[in-house]
Amino acid sequence: MSEELERILARLTEPDNAVIQQATAELKQAFKDPAIIPALCAVMTGSQNPQVRQSAAVMLRMRVRKHWKKISPDHRESVKAVVLQALQNETEHTVRHSLSQLSAVLVKHETPDRWPALLGLLNQSTKSNNPQDRQVGLLLLSKVVGSNPEPFKPHYKQLLQLFGTVLQDLNNTTALYYCILTLTAITPYTGTEEMNLMRSLIPKLLIALKHLIQVDQDQASEAMEVFDELMESEVSIVVPQIAEIVRFCLEISADASLSDSLRVKALSCIAVLIRLKSKAVLKHKLLQPILQVVFPILSAAPPPGEEDPEDEENDNDSDSENPKHFAVQVIDTMALHMPPEKLFNQLLPLTQACLSSENPYERKGGLMCMAVLAEGCADHIRTKMLSSMLQTVCRSLSDSNQVVRSAALFALGQFSEHLQPDVSKFHAELMPLLHGYLSAVNQTKIGHMTKAFYALENFLENLGPEIEPYLPTLMETMLSALNSAENLKLKELAVSAIGAIANAAKEMLVPYFPPIIESLKGFLTDTREEMRTLQTQALDTLSVLARTVGKEVFSPLAAECVQLGLNLTDAVDDPDLRRCTYSLFSAVSDVSPDSLAPHLTPITTVMLLALRSTEGVTAHLDEDKQFVLLDDDDADDEGGEGDTDLDEESEVDDRDVAGFSVENAYIDEKEDACDALGEIAFNTGVAFRPFLESSFQQVYELRDFPHEDVRRAAFGAMGQFCRSQHKVWKENPTEANHQALHKLLQVVLPCFLEAVRQDRERQVVMAILESMNAVIKSCQAEALQAPGILAEISNTIKDVLKKKTVCQDVGGDEGDDDEQQAEYDAMLQEFAGEGIPVLASAVPAETFYPHLNDLLPLIMSKAKPSCTEADRSFSIGTIGETLHSLVGVAGGRAVAGRLSNRLLPVLVSGVKDVDAEVRNNSVFALGALAQAAGPIVASDYPMMLSLFSNLLSKESDLRVIDNLCAALCRMIMSHVEGVPLEQVFPALVACLPLKEDMEENKTIYSCLTFLYSHNPVLVVGHLKPIISAAAHLLGSKDVDNETRNSLLVLLRGLAQHHTKEFESAVTSLPEEQKNKMAVAVTQS
């Protein structure tokens, strides 16, 4: 049979389709004969044609992989013997490669210990004196270990010792390559016992890679992935050698003669080390050397006649593998992971040199650098250098070179996104500049238009009510683009900008609503393929409109929108489009939950499919794809699907895979499906009950998903599911609903706490803390019923404040008490600190006191004058909110009294701080202390009043003055006997109405109502300022219903019982306010 088989296989390689089809049919027949196995073995070893030998090896591998159980024991043994013999005799590399892969599949079935001859051959060949044998041995080793790293665990020590020898064989680069691939494969499975051996390999590894680079850059680039594995699975192995590794990567990055892919690998390795071990990078003084290499890369001009990818006219957002792009990412990573003071000292001189250069690409580099600093160093820039940085960017918008102007637009967009609210204060200068720029851009240059829109849109998004004067011109520009533009991309940009405008303008957009909706509907019902991205954008904007224009305006359209979304998910298979329908559904659930409820079955079905789907995760197969089809057919012919015990291998054996790539669209779809499911569950409450369990199951599965954005969204949704079930139980307090709530909480809270400690990404941990705080805020004591859970949550908060979680391990020493840290590291601690007042308001004060006692010193340590403004503000803000929580819980007064001596010195010094926000928080906290502790702190009242009196005489910040008024009110209501009202009250009413902190109106008018019942003469004696302040509030949007009602009751009481004084006070009001007052007191 083997001669027949060889003839068929030879014909498969001919360049004639008819011949190939005929041969394939014959091959199918041959495969039905059990003798196919020995025949393939014979061809694989005996044919003179290397292509045929290789084909036989591949066929045999497929046979073994899918039908191992059907192969007789004799045949199995002969295959094992033949393949090892063939490997020793084979001279062609491609055939050896296929033979090694066949061995790898055999090992999967047999395990190394049941195949001693394989271990024998590996041992003998890898140690042979013949370099050729060593190559073959290491090729075989890389394949068999690479496809099943775990069964080889008992041999790891021996392997690592072997690598130590091989890595010194610098002339045999093929051996080096296979050796490094094998090391990469076992790294994730190594344990503590291998650590020292692994560490000792690093210096040899660096030398070996340098040699490999000189011989084969593609192989070297693949071998560099060993660092990714080392850093991902056990970064402590590389930390002692961090300086050597960084220098090695800098050498490669700086060498423009090397391939882009190698330089990108080196730069991204530097970025990962900064992300994981920023303190170690700083300690080894590597910041300056990194910047010296990165700056020339990010400011280099492209080759003559070419442009940077992002400057090309048809740039389609490709994150191209170019060193320039990754050099900018290194700066971005520094900003996110290093203390701003340390970074800016070394970075600013380089940036300024670029910005003042004659070379446009250097000016561009300086702007790109400023742009990516905005996210990670936002506080530092906002408080210390915003106006100078904005001036630089605005100047660059009129640069003679378009490349520089584009970079300035990008920088402005980044500033608008990350430096709020401060950037928006410059709207009078920036809006005319941006809108003018947009009007002047040549509309055919769509690449540049896109950048101008990006900057404008990010700026508008955060403008809030300040957008009003610009609205008519903006909407005229956008609507005319929608109606006239032939260019679909321009329409898409305008639709997106309308979404940004809606976020700022809210109800002010209502007059423009009909024409906008007409256009959007037109886009959404047009099914042509080229409309796809425009439709996606239209859905996105529709969701924003649903949330912003007001329920009355949008509700009539809600049902139609749901139908539109469902029709699109049916008609079009596109992850981006589906993702936007999920956002639309969740927006509708916010505005009109009843419109969504009838459609929850199809909506949840499509979202759960997205969560389950593995689409977009593509396996890259190594070789010989043409045989896969044949093998699948042959499995069907035998009436079975092959062996099913190796379940994950039914389609492609994941070890024949050269790697996986994940399409971002499918990741985004999973993320948005989680976000939407959580929000829909919360908004639709009881209606979602039938879908809660299946949704929870799917979302819970994603808690370990490799992509951090999906994990973040999954944890957020789990929190929403708990809040949804709590709401259902509150509305319908049955035992079944109560049990369902506790069943959820018992899974979710421990899962949150585990992930806070173990997840490596700060962004994920912040999201979990935020989600956990929201759950406890909603569920209150219900969330804290499980034994020990309060202590566990408190201990987890303590771990974050002490930087003991995995994502906070940045390579500093234990005793390294450097207070400077990256802003995002500080932000993570703030999210944890926000949990303290949340816990304090959920349980009786005595229950929480022991935990609070442990946590307070960690919070108070951040109030020291040497800490940053952000830290001081956070520390005192947390103390204030915690005291405020104690006001409302059982035993709160006694606990607040017990804490007062510890807290007063910190709060008093905070009132004298140079930073307005710290003063504001300190004043609020003192008021909250007085309110919580009442008469217990009576002896401190005189000191507090004199402190406030001093502050009032020189304070210029309006918010601080508002909070000072509220603090006085809290003192009065809590212990009126301790306040000399004759002196304090006139000073208090003189500061009304409140100017900035409108929420405190509630406190002010509760106090006035209290005083009116307690001491009416005092109130009536100061009626003019009180009535004048009250007139400001009537009809204002800044007041909640409760405050409005207590204000109206007070005014009517005064009008009724002190008519003369009331009317005299009203006469001095402006006409419009007089009328409002008259209406207010006569309404019943």
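This report walks through the overall build, the charged contacts and some backbone details of a predicted model.

## Overall build

Let's start with the whole chain. The protein chain has 1084 residues and a radius of gyration of 35 Å, which agrees with the value near 31 Å that a compact globule would have. Along the principal axes, its C-alpha atoms fill a box of roughly 120 × 75 × 65 Å.

Helices dominate the count of secondary structure elements: there are 54 helices and 2 strands. Of the 1084 residues, 56% are buried.

## Salt bridges that link helices

Across the whole structure, a search finds 44 salt bridges. Two of them are good places to look if you want to see how separate helices meet.

One is between Arg762 and Asp825, whose side chains come together at 3.0 Å, N to O. This pair links distant parts of the chain, with Arg762 in helix H38 (residues 762-779) and Asp825 in helix H40 (residues 823-833), 63 residues apart. Both partners are covered: Arg762 has a relative accessible area of 8%, so it counts as buried, and Asp825 is buried too, at 12%.

The other joins Asp675 and Arg712, where the closest N and O atoms are 3.6 Å apart. Here again the pair links distant parts of the chain: Asp675 belongs to helix H34 (residues 664-684) and Arg712 to helix H36 (residues 708-731), 37 residues apart. The setting is partly exposed on each side, with a relative accessibility of 34% for Asp675 and 26% for Arg712.

## A local pair and a network

Not every bridge reaches across the sequence. The side chains of Arg528 and Asp526 form a salt bridge at 2.8 Å, N to O. Which of these partners is buried, with a relative accessible area of 19%? That is Asp526, because its 19% falls under the 20% cut-off for a buried residue. Arg528, by contrast, is partly exposed at 44% relative accessibility.

Salt bridges also join up into a network, which links Asp308, Glu310, Asp311, Lys324 and Lys364.

## A patch of negative charge

Where does negative charge gather in a patch on the surface? The patch is made up of Glu306, Glu307, Glu312 and Glu313. For one of these residues, the surroundings can be described further: Glu307 sits in the loop between helix H16 (287-298) and helix H17 (323-337). With a relative accessible area of 40%, Glu307 is partly exposed.

## Cis peptide bonds

Two peptide bonds ahead of prolines deserve a look. The bond joining Gln420 and Pro421 is cis, with omega at about 0°. Pro421 is placed in the loop between helix H22 (402-418) and helix H23 (427-440).

Leu992 and Pro993 are likewise connected by a cis peptide bond, and omega is near -5° there. Pro993 is in a loop as well, this one between helix H48 (981-990) and helix H49 (1001-1014).

## Positive phi outside glycine

Which residue other than glycine has a phi near 60°? It is Thr111, located in the loop between helix H6 (93-110) and helix H7 (116-126). Thr111 is partly exposed, having a relative accessible area of 30%.

Lys285 is not a glycine either, yet its phi is positive, at about 55°. Its place is the loop between helix H15 (260-283) and H16. Is Lys285 buried or exposed? Its relative accessibility is 67%, which is over the 50% cut-off, so Lys285 counts as exposed.

## A proline within a helix

Unlike the two prolines in loops described above, Pro850 is found in a helix, H42 (residues 845-860). Pro850 is partly exposed, at 44% relative accessibility. For a sense of distance, Pro850 and Ala925 lie 75 residues apart in sequence, while their C-alpha atoms are 21 Å apart in space.

Terms used: Residues numbered from 1 in each chain as written. Predicted model: local features only at pLDDT ≥ 70, side-chain atom pairs only at ≥ 80, totals over all residues. Heavy atoms only, no water. Patch = residues over 30% accessible without salt bridge, like charges linked within 9 Å, V, L, I, M, F, W, Y side chains within 5 Å. Areas by Shrake-Rupley, 256 points an atom, 1.4 Å probe, with all protein chains shown as cover. Salt bridge = Lys/Arg side-chain N within 4 Å of Asp/Glu carboxyl O. Lys, Arg positive; Asp, Glu negative; His and termini not counted. Charge placed at Lys NZ, Arg CZ, Asp CG, Glu CD. Helix = DSSP H or I, 4+ residues; strand = E, 2+ residues; numbered from the N terminus. Buried < 20%, exposed > 50% of the residue type's maximum accessible area, 1.4 Å probe, protein only. Rg over C-alpha atoms; globule rule 2.2 N^0.38 Å.
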